[in-house]
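Subject: Structure for your review

Dear colleague,

Please find below the structure that I am handing over to you. I would be grateful if you could read the notes that follow alongside it.

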Amino acid sequence: MAQPTPEIRDEAMALIERLRSGLLDDSEISEVVVRLHKLLPDPHFMGYTIDHVPDLSDAEIIDRAFLYRPIIL
């Protein structure tokens, strides 16, 4: 998968930062997650956005999401 454009990377970083801030209500969380699903190729990005130990930085999350390759049978 190609690397994200600077605009996509910046938007995804801002959204992940908002998501991790803990300041969003449920509807805002839903909006952010839906948008991130459209921006990031890895469908499992939430697992290492919130639950990953050790914590990954916002940039590391985006890098990891763009390393994702679907299994082609």
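The notes below concern the salt bridges. Please bear in mind that this is a predicted model.

A search of the whole structure returned three salt bridges. Each is described in turn.

Helix 1 to helix 4, Asp63 and Arg9: the side chains of these two residues form a salt bridge, with an N to O distance of 2.9 Å. Asp63 belongs to helix 4 (residues 58-67) and Arg9 to helix 1 (residues 6-21), so the contact ties together parts that are 54 residues apart in sequence. Asp63 is partly exposed, at a relative accessible area of 34%, and Arg9 is also partly exposed, at 24%.

Helix 1 to helix 2, Glu11 and Arg35: here the side chains meet in a salt bridge at 2.7 Å, N to O. Because Glu11 sits in helix 1 and Arg35 in helix 2 (residues 26-39), the pair joins parts that are 24 residues apart in sequence. The relative accessible area is 30% for Glu11, which is partly exposed, and 33% for Arg35, which is likewise partly exposed.

Helix 1 to helix 4, Arg20 and Asp58: a salt bridge of 2.9 Å, N to O, connects these side chains. The pair links distant parts of the chain, with Arg20 in helix 1 and Asp58 in helix 4, 38 residues apart. Arg20 is partly exposed at 33% relative accessibility. Asp58, at 16%, counts as buried because its value falls under the 20% cut-off.

With kind regards

Note on methods: Residues numbered from 1 in each chain as written. Predicted model: local features only at pLDDT ≥ 70, side-chain atom pairs only at ≥ 80, totals over all residues. Heavy atoms only, no water. Salt bridge = Lys/Arg side-chain N within 4 Å of Asp/Glu carboxyl O. Helix = DSSP H or I, 4+ residues; strand = E, 2+ residues; numbered from the N terminus. Buried < 20%, exposed > 50% of the residue type's maximum accessible area, 1.4 Å probe, protein only.
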